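Good morning, and thank you for making time on the agenda. I would ask you to bring the sequence and the structure up in front of you before I begin.

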Amino acid sequence: MDDAVQHDETMPFRSGFVTLVGRPNAGKSTLINAVIGKKVAITSNTVQTTRHRFRAVLTRPGFQLVMVDTPGLHKPHDALGEELNTSALKALEDVDVVAMLVDASKPIGTGDEWVAEHVRSAKAKRILVITKIDLATPEEIEKQKLAAEGLADWDGIVEVSAQTGENVEAFVGLTESFLPEGPQWFPADMDTDQSLEVIIAEFIREKILREFREEIPHAIGVVAEELEYVRAKDMYRIFAIVYVERDSQKGMIIGKKGAAIKQVGTQAREDLEQLLGCKVFLDLTVKVKKNWRRDLNQIRRFGYGEGI
Ligand SMILES: Nc1nc2c(ncn2[C@@H]2O[C@H](COP(=O)(O)OP(=O)(O)OP(=O)(O)O)[C@@H](O)[C@H]2O)c(=O)[nH]1
């Protein structure tokens with residue numbers, strides 16, 4: 001353990017798992033990044049951005065908080081949707097705290113009720129997190145809080161803005177207060193359990209989500225096929241495949257004279273260079289895998305759904 005996480009040895013170390021759930025787009029991944037202080041999860045305003053269940057780890061003197069990000073719970077339309085729901089619901093089992101996120105800027109709807117139903121049956125402490133408070137007035141936040149209070153029997157409530165950082169520490173403090181005595185599960189310098197290949201593929205997928213609208217984002221699967229560090233050049237060479245479901249989508253992703261894929265590649269490369277701390281050569285190839293979202297084997301080959 002390094003100096004930064006040394007704690008008073010007379011106090012027992014505490015650790016535990018907190019699962020974040022909520023409707024798609026509630027702000028789960030953004031809150032996780034704000035808590036960790038670094039981008040470990042991709043975010044976008046497209047629903048169902050998160051396809052992997054993964055863990056993000058915060059280690060501080062005296063405690064370790066392991067956050068489990070989950071795909072947003074939603075009404076499934078295909079095998080991918082069902083797999084994502086199953087994965088999110090599994091993450092409610094055997095955790096110490098369940099944090100349900102409710103967007104302050106959107107009316108509570110059947111989607112939230114459905115998520116709450118699962119939260120109510122979880123055997124864990126329950127926290128209500130009102131998110132995106134920078135987008136709502138104090139009156140609107142109060143109204144939302146009152147409405148969400150009835151969704152379950154809450155052990156704690158906190159309002160946050162992951163964007164401005166407001167109350168992110170209060171969320172950490174509240175969650176920490178429910179951690180039982182326990183071991184340090186992960187090394188102190190580890191902030192996520194995703195492999196480098198998965199993070200790279202996800203960073204690329206994020207750029208596509210942000211670049212394209214309509215059906216394209218949901219039809220995309222990204223795999224980082226080859227990853228090589230070239231010591232002499234202090235550079236990573238990354239070869240990744242972007243899968244789509246139809247030829248027409250392939251054309252859209254590539255764009256006129258390759259302009260669209262080039263744009264995605266440039267943006268992803270900038271992010272990856274920051275992540276890896278060195279130059280990156282990124283090669284993106286677009287391939288068609290017909291109707292992969294209906295094929296459970298293919299979904300799992302991409303690593304979506306089951307992350308743990
Ligand atoms: N203004 C504002 N926007 C936010 C905040 N938190 C998240 N967002 C935005 O809301 C959108 C969804 O955020 P995500 O963190 O991707 O949501 P998610 O719950 O992980 O979404 P899924 O992966 O679809 O389940 C993104 O465009 C974020 O930038 C916030 O505190 N303030």
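I shall take the domains, then the two sheets, and lastly the surroundings of the ligand.

Please keep in mind throughout that this is a predicted model. The protein chain falls into two parts, domain 1 covering 3–176 and domain 2 covering 196–301. Their centres, taken over C-alpha atoms, are 27 Å apart. Where the two domains touch, ten residues of domain 1 meet 14 residues of domain 2. On the domain 1 side of that contact there are three nonpolar, five polar and two charged residues.

Let me turn to the six-stranded sheet. This sheet is open and of mixed pairing, and its strands follow the order β2-β3-β1-β4-β5-β6. Which strands stand at the edges? They are β2 (54–60) and β6 (156–159); each has a single partner strand, so one side of each is left without a neighbour in the sheet. From one strand to the next, the twist averages 25°.

At one of these edges, β2 runs antiparallel to β3, residues 63–69, and seven bridges join them. Within β3, Leu65 is the bridge partner of Leu58.

Strand β4 deserves separate attention. Seven of its seven residues are buried, so β4 is largely enclosed by the rest of the structure. As general background, side chains in a regular strand alternate between the two faces of the sheet. In β4, Val97, Ala99, Leu101 and Asp103 point one way, while Val98, Met100 and Val102 point the other way, and all of them are buried. The charged residue Asp103 is thus listed among the buried positions.

The pairing of β4 can be followed on both sides. With β1, the pairing is parallel and extends over five bridges; here Val21 is found opposite Met100 of β4. With β5, β4 also runs parallel, joined by seven bridges, and Leu101 has Val129 of β5 as its bridge partner.

Helix α1 lies across several strands of this sheet, namely β1 (14–22), β2, β3, β4 (97–103) and β5 (125–131), and runs at about 155° to β3.

The second sheet comes next. Three strands make up this open sheet, in the order β7-β8-β9 and again with mixed pairing. The edges are β7 (221–230) and β9 (279–288), each having a single partner strand, so one side of each is left without a neighbour in the sheet. Here the twist averages 15° from one strand to the next. Nine bridges connect β7 with β8, residues 235–244, in the antiparallel sense. One of the facing pairs is Glu228 and Arg237, the latter in β8.

Two helices pack on this sheet. Helix α8, residues 247–254, touches β8 and β9, and its direction makes about 155° with that of β9. Helix α9, residues 259–276, also touches β8 and β9, at about 140° to the direction of β9.

I close with the ligand. Which of the 24 residues around the ligand come nearest? They are Ser29, Thr30, Thr50, Gly72 and Gln163. Among the contributors to this shell, helix α1 (residues 28–36) gives the most, with three residues. By class, the shell holds six nonpolar, 15 polar and three charged residues. Helix α1 therefore appears twice in this account, as I would ask you to note: α1 lies across the strands named earlier, and α1 also supplies three residues to the shell around the ligand.

Terms used
Residues are numbered from 1 along each chain as its sequence is written. This is a predicted model: local features need pLDDT of at least 70, side-chain atom pairs count only at pLDDT 80 or more; totals for chains, interfaces and linings use all residues. Domain bounds come from an automatic or database domain assignment. Two residues are in contact if their C-beta atoms, placed from the backbone, lie within 7 Å. A residue is near a molecule or strand if its C-beta atom, placed from the backbone, lies within 6 Å of it. Helices (H or I, at least four residues) and strands (E, at least two) are DSSP runs, numbered from the N terminus. Two strands pair if DSSP finds at least two bridges between them. Axes are lines fitted to C-alpha atoms, for helices over the stretch in contact, and angles run from 0 to 180 degrees between N-to-C directions. A residue is buried if 20 or more other C-beta atoms lie within 10 Å of its own, exposed if 12 or fewer, and partly exposed in between; C-beta atoms are placed from the backbone.
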